[in-house]
Amino acid sequence: MATRHLTADEIGLPQFDPGAAVDGAVFSLPSHVRAREALEFGLSLRRQGFNIFVLASDNSGRMRATLGFLAENVTGDPPGDWVYLNNFRHGNRPRPYRLPAGQGRRFRDTMAALIPRVRETLQQMFASEGFQARVKAETESLNREISGKLDELRKAAADKGLTLVQAQQGGFGFVPALAQDEEAMANLTDEQRADLQAAHAEMTSALADLNRWRVHRQSTYLEWLRGFERNAADQALTGLLDEVEQQFATGPGIGRWFVEMRQDLLDHLDAFKPQEAGQGSPVAPPELRYAVNLIIDNGDLRAPPVYLEGNPTYENLFGRIEYRQIQGALQTDFSLIRGGALHKANGGVLVLRAEALARDGRVWLALKGALRDGLIQIEEIHRTGGVPIAHAPRPKPIALDVKVVIVGSPHWYYTFFSADPDFQSYFKVKADIDSDFEAMPDCVAAYAGLLRHRAQHDEDAVITDDGVIKLLGFASRWAGHRGRLTSRFEIFEDLIAEAASLSEGRRIDAAAVIAARDARHRRNARIEDRLQEGIEEQSVLIDTTGSVIGQINALTVRDMGDHAFGLPSRITARSAVGRHGVVNIEREVAMGGPIQQKGAMVLQGFLMGRFARGFPLSFTCSITFEQSYGGVEGDSASMAELLAVLSDLAEVPLRQDLAITGSVNQRGDAQTIGGAYHKVEGFYRTCLNAEGGLTGQQGVVVPATNAIHLVLEDDVAEAIADGKFHVYTVDRIEDAVELFTGLPAGSPDADGAFPRGTLFGLVQDRLRAFDEALTERARP
């Protein structure tokens, strides 16, 4: 058994040698080595499923560090451009094509410039003398044929007493030659009338035959005209189209598209002719029909892309289809397809924040499907569950070749993603960044170099050596270990920015660092101040002097998210004759958590093992956190609870100028707890603010294994150095007993009896008296 009185040097901010480095790689630190190896391994494998999840604690700078690492280590040639082109046979199924990086932009601009040239060339061709002369000759030939046929029919009709006339509607018909002579018509005999009627029927039939021939002949003419225009246009455009095709028909399938485009262009020559006012085209304007929709342009890249999508909605990841409003109706086409993050990162690395990706389960399912199938399919999810719409746009998918890196906290990794049975199939590489690392000299120097670099790069400031030493001390404090440094770099980035704003000439020294930290504490410590005021005003009862039976100062930690702090909490114990053993009041009213209840049950085990070897325990002792209204969890107060129980059983007072934190096991060993330095500082502040202030006797008791975790503020260290405040460590409950009561705990003899004048002897006597009282009461 040993009690140790810690010195100021053992609990103050550590003084590390900062070295002279002015730069450093985050992933060279021991906290990042495991993650760096995992990232290198994951990036080296292009096989399906070897995507990466980078997990690190909050405020660790995990995203910035990961992006920096990827930017340096993702190398190679940039991936190609992607374009969507019109599908001339199935307009609602536009096709994607891949081009070498930089070619997509040239292809788009070349096609945009080509269509006006095509229009100009065609219109010049249509207006040329040779073209017009040939068309005119064919037209006049057709007209002569039709006129000749009409003349022959007109002559035959005249021979039969009929005249060929043209109606107002444009058609032809026959009337008797005597139709204008009413008297002659009236004098016709019945036989003459019958002959006229027969002749009219014969000529009408001949006229019908002529009309059918004329329609066929005009159809033949129009077919010739289309063929003539097509051949002429083909000859006129061959140079233009071949030039473009030779430049860009190098990618898979593009050559076939040029063939289809050429045929479609020749099929729609009318679209290039001048349109009369009010005359619409049955197809889209050529500028749109033959446009190039460049959805991904990698022409400016020098390496595969590393793309961060901060808001991974479905549309932002997979792309979308936009609509334009025309005369009150919504219309769309292939030119309104827009790419998403998967398109932008295709051929490289896509980086996603875990918490953002987890917001929408549909997006996670769609992402898994894309990684499984190796395809990016743009869908309009707002149509899901709706009535199917004929010819709704359905772009053909794009081949996907991407490495996905999700960056998030362990919370998201273990509660959302790893709970999915498919997760391990798609994210087989875990890059785990440790929250802290051992403060070896080379690591401290690298860390100091990082701090100097961040100050210079982010704030255009210089940190002095004493400023770096102070920051390194805080790094140890925030790691909660004197021999380790935290890897939560975002905290330092913020603190450096705040210190730079408070420094003179952008020169950050130790005073500026302390001023920035104190200003942050003031901003965030309102709740702590109010709770301490409650103790000072005795709204919350805490004694910092004197001695009381069955009452002790335990220590708790409150974490508000942006600020954590320690506070004392009074624990009391009241014992009596009974058979219920230790009664945890918090448990009885459902205000204690399972770990807190476990700690209370451990007390029962300790008491049984220590005092119930010769007779049964016959007592009831209630324990509680006084003035606690929000619930209790954890076992860090179990040593304080045990001391309160022992004090009440022995009727020996406990010092109130001491507070204690620590867990205890059934054998009485003091066990490590968390938040040790917050707890020490919380009781220090309570003693400092109490009436009479620091007495020179006050202090805190912690488990010996927590000594390495004590990294206290300068004012607390100074008070300890001046003998105004104390920190003790204990290995076992017996050490704490002697500190709080001034009595030895006592060791049992061979029969299990503790010596008189020891605390355990007094407890044993009281428990034996309780048992005898119960035994006497049970006698008939």
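In the next few minutes I will talk about the nonpolar cores, the aromatic rings and the cysteines of this structure, which is a predicted model.

Let me begin with the interior, where the largest nonpolar core has 53 residues, and where Tyr447, Leu472, Leu485 and Ile508 are those with the most contacts inside that core. If we ask which helix gives this core its largest share, it is α16, running over residues 441–459, with 7 residues. Tyr447 deserves a moment of our time: once its neighbours within four places in sequence are left aside, Tyr447 is in contact with Leu29, Phe437, Leu472, Ala475, Leu485, Thr486, Phe489 and Phe492. Apart from this core there lies another one, of 50 residues, and among them are Leu85, Leu99, Met125 and Leu265.

Turning now to the aromatic rings, the count comes to 34 aromatic pairs, and one aromatic cluster is formed by Phe53, Trp364, Tyr413, Tyr414, Phe416, Phe417, Phe423 and Phe427. Rings can also be found beneath charges here: Arg454 lies over the face of Phe489, at 5.9 Å from the ring centre, and Phe489 is, as you may recall, one of the contacts of Tyr447. Elsewhere, the charged end of Lys273 sits over the ring of Phe126, 5.1 Å from the centre of that ring.

Finally, the cysteines. A disulfide is a covalent bond between the sulfur atoms of two cysteines, and a search of the whole structure finds 0 of these disulfides. Are Cys443 and Cys687 buried or exposed? Cys443 counts as buried because its relative accessibility is 7%, which is under the 20% limit, and Cys687 counts as buried because its relative accessibility is 0%.

Note on methods. Residues numbered from 1 in each chain as written. Predicted model: local features only at pLDDT ≥ 70, side-chain atom pairs only at ≥ 80, totals over all residues. Heavy atoms only, no water. Disulfide = S-S within 2.5 Å. Buried < 20%, exposed > 50% of the residue type's maximum accessible area, 1.4 Å probe, protein only. Phe/Tyr/Trp six-rings, centres within 6.5 Å; stacked < 30°, edge-to-face > 60°. Lys NZ or Arg CZ within 6 Å of the ring centre and 35° of its normal. Core = buried A, V, L, I, M, F, W, Y, C linked by side-chain atoms within 4.5 Å. Helix = DSSP H or I, 4+ residues; strand = E, 2+ residues; numbered from the N terminus. Contact = heavy atoms within 4.5 Å.
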